[in-house]
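Hi everyone, thanks for making time this morning. Let me put the structure up on the screen, and then I'll walk you through what I found.

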Amino acid sequence: MSAADPHYVAKTFMDHLPILQVVIPLISAPLIIFIGNRKLAWIIAMIASAAAFVIACLMLAQVKDGSFISYHIGGWAPPLGIEYRIDALSAFVLMLISGIATIVLPYAYTSVKSEIPKRLHTLFYALFLLCLTGLLGMVATGDAFNVFVFLEISSLSTYVLVAMGAGKDTRALTAAYDYLIMGTIGATFFVIGLGLLYMTTGTLNIADLADRIANQGANRTVQAAFTFIVVGMGLKAAMYPLHHWLPNAYTYAPSAVTTFLGATATKAAIYVLLRFMFSVFSPGFHFEDWTLYLIFIPFSLLAMFAASFVAVFQTNLKRMLAFSSIAQIGYMLLGIAMLNATGLSASIVHLVNHGMTKAALFMGVGAMVLYSGSAFFDNLNGLGRKMPFTGAAMVAAGLSLIGVPGTAGFISKWVLVQAAFENGWWIIAIAIMLSSLLAVIYVWRMFEVLYLTAPAEDCTATDPPLPMLIPMLILAFACIWFGFDTELTLGSARVAAEGLLAGSAGMAH
Amino acid sequence: MHHHLILRVVTKMLVGAIILFAFYVQFHGDFSPGGGFQAGVIMAVAFILYGIVFGLNKAEQVFPSWLVHKLVALGVLIYAGTGVASMLLGYNYLDYGAFNPQHPSHGQHWGILAVELGVGVTVTGVMVAIYYAFANRPPPMKDEDW
């Protein structure tokens with residue numbers, strides 16, 4: 001609505017939800033620096049991410065029927081102005097990201113105290129919120145260039161957050177530097193792709209881009225743009241051959257950061273990939289179908305087997321979980337490549353299920369590192385027996401990682417196998433099950449270290465303080481709960497998948 | 001500190017002019033080339049020049065690093081706060097029409113000024129912070145060893 005409109009009706013709080021989702025953490029981050037008080041920093045961060053979570057839930061309730069919310073920043077109507085557009089998919093991913101942030105913060109309070117030097121605490125919470133802002137913004141916005149801006153906000157703060165692990169292990173610095181270089185290359189590729197799209201269509205609004213690409217068909221520029229965007233986002237999402245930055249970054253970052261990133265950062269990149277593959281370009285184009293069949297399927301199968309295989313031989317638990325994350329991203333990309341509604345909903349539901357599972361596991365490792373000082377298997381001997389609740393949470397999450405029936409992980413793998421059968425790809429269905437067996441091996445190694453070895457004689461480890469323990473137990477419980485009640489997760493994922501497959505037809509103004 | 005006499009005298013004369021020029025670029029941004037980013041860089045140049053000629057300690061006496069960090073945050077708050085203000089007035093985020101509903105173009109004017117001020121403050125802070133961060137590193141060799 002233009003500002004000059006005489007019949008102007010003032011907006012209510014509910015109308016502003018899409019922008020508040022991003023602006024609340026965005027304002028809280030500089031506020032923390034401006035106030036500069038260590039205790040207040042945590043409180044502000046907590047309030048901001050809890051508010052973001054509530055907003056995401058409110059919006060998901062509004063768009064669950066397949067509709068969408070559009071918000072015009074500055075009152076400028078799209079496609080000229082910047083639009084925030086929330087549909088079932090984005091609301092679902094927003095809920096995951098803000099939910100994980102809210103649950104990680106109480107955990108971070110204790111964990112950060114022991115892992116990060118005191119003078120950096122306020123900066124830590126400010127960066128955490130900036131990272132959250134970036135991830136939420138990438139998902140909420142309906143403007144392609146805005147995606148890039150938020151991608152950079154989240155990436156730059158992530159590099160610093162990873163480097164904050166240097167207090168414990170200076171290798172965090174090289175890990176952060178690696179990530180910086182790879183992440184920057186990814187972002188550059190992405191923005192080159194956007195530049196090509198802008199050149200050929202003259203617009204940056206995602207819905208408008210879709211219309212114009214559909215009108216002009218697949219010319220060289222559009223194909224080049226597609227390639228650049230897929231490679232750029234593939235780098236950020238740690239798609240198999242582009243995953244090199246991930247293991248070190250996850251291993252040496254502070255526990256709270258690993259938990260947050262492991263559950264959200266790659267997921268937001270996969271969201272952007274989905275958005276571009278289905279809402280901007282559409283699967284009818286031959287180049288996209290070939291990319292999915294000839295590149296995504298082989299590489300995701302490779303990821304499922306090779307990364308799991310590497311995970312089996314790790315000697316550091318955090319590193320093992322990092323490799324397992326790469327394998328799990330393989331499942332998500334495989335679901336996308338199936339190009340049917342079931343496969344897409346498997347990918348989308350796996351975003352959330354895997355997010356919860358990995359967050360619970362990384363939290364467990366973080367709690368053990370609090371006592372053992374490192375995540376090497378040798379230092380974790382028998383800790384599951386000394387820390388019964390932490391151990392139990394890790395067992396529940398471990399089972400979900402394998403995909404044992406009755407856990408969240410089972411639901412996503414089950415739907416994925418169903419999707420493979422729908423296409424008649426029974427070899428791939430078997431491959432999914434075989435690769436789960438590799439997960440059994442590495443999760444078993446974790447159980448063996450935690451329970452079947454004798455703890456050190458003088459081991460004084462006990463369960464961590466409640467602020468760390470409760471988030472972990474909530475997540476472990478969620479891993480089981482969402483294995484039985486799939487109404488929220490799988491239900492929303494199906495609506496989201498159908499919305500995506502409807503393509504640009506569902507996005508018209 | 002008695003060498004570089006000419007540099008020191010000229011710097012003292014220039015610093016004021018540079019700051020004045022920064023304000024000019026800042027507040028004429030909507031009429032002529034310029035705006036918050038350019039003004040912020042020019043403003044920072046004044047402090048960086050002072051730091052280069054008179055030494056980092058003197059510069060930090062004038063513009064302590066805690067203040068620099070607060071300014072970085074303050075600028076973002078001004079920018080985002082402008083958006084929130086328009087929101088509280090019942091308009092969309094960053095819809096400057098909110099500041100003068102009868103003449104939206106005047107409202108745009110005020111909105112742009114406020115937002116550009118935020119940009120200027122943050123850019124000044126960031127530029128000086130980067131200079132301090134690099135200049136504060138222990139030198140690989142002493143000045144006398146050259």
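Chain B has five helices and zero strands, so reading along its sequence gives α-α-α-α-α. Keep in mind that what you see is a predicted model. How spread out is chain B, next to a compact globule? The globule rule gives 15 Å for 146 residues, but the radius of gyration of chain B is 19 Å, well over that, so the chain is more spread out than a compact globule. You can see it in the C-alpha trace too, which spans about 65 × 25 × 20 Å along its principal axes. Of the 146 residues in chain B, 41% are buried. And if we take its contacts with a separation of 6 or more, 64% are between residues 24 or more positions apart.

Now, where the chains meet: 17 residues of chain A are in contact with 17 residues of chain B. On the chain A side, helix 1, residues 17-35, gives the most, with eight residues. By class, that side has twelve nonpolar, four polar and one charged residues.

Let's move to the core. The largest nonpolar core has 245 residues, and A:Phe92, A:Val162 and A:Ala360 touch the most other members. Helix 3 of chain A, residues 88-115, gives the most to this core, with 18 residues. Beyond its neighbours within four places in sequence, A:Ala360 has contacts that include A:Ala393, A:Met472 and A:Cys479.

One last check, for fun: helix 6 of chain A, residues 171-201. At 1.5 Å a residue, its 31 residues should span 45 Å, and its end C-alpha atoms are 45 Å apart, which agrees. Right after helix 6 comes A:Gly202, with a positive phi near 75°.

Methods
Residues numbered from 1 in each chain as written. Chains lettered and ligands numbered in written order. Predicted model: local features only at pLDDT ≥ 70, side-chain atom pairs only at ≥ 80, totals over all residues. Core = buried A, V, L, I, M, F, W, Y, C linked by C-beta atoms within 7 Å. Buried ≥ 20, exposed ≤ 12 C-beta atoms within 10 Å, placed from the backbone. Helix = DSSP H or I, 4+ residues; strand = E, 2+ residues; numbered from the N terminus. Contact = placed C-beta atoms within 7 Å. Expected span 1.5 Å × (residues − 1). Nonpolar A, V, L, I, M, F, W, Y, C, P; charged D, E, K, R; others polar. Rg over C-alpha atoms; globule rule 2.2 N^0.38 Å.
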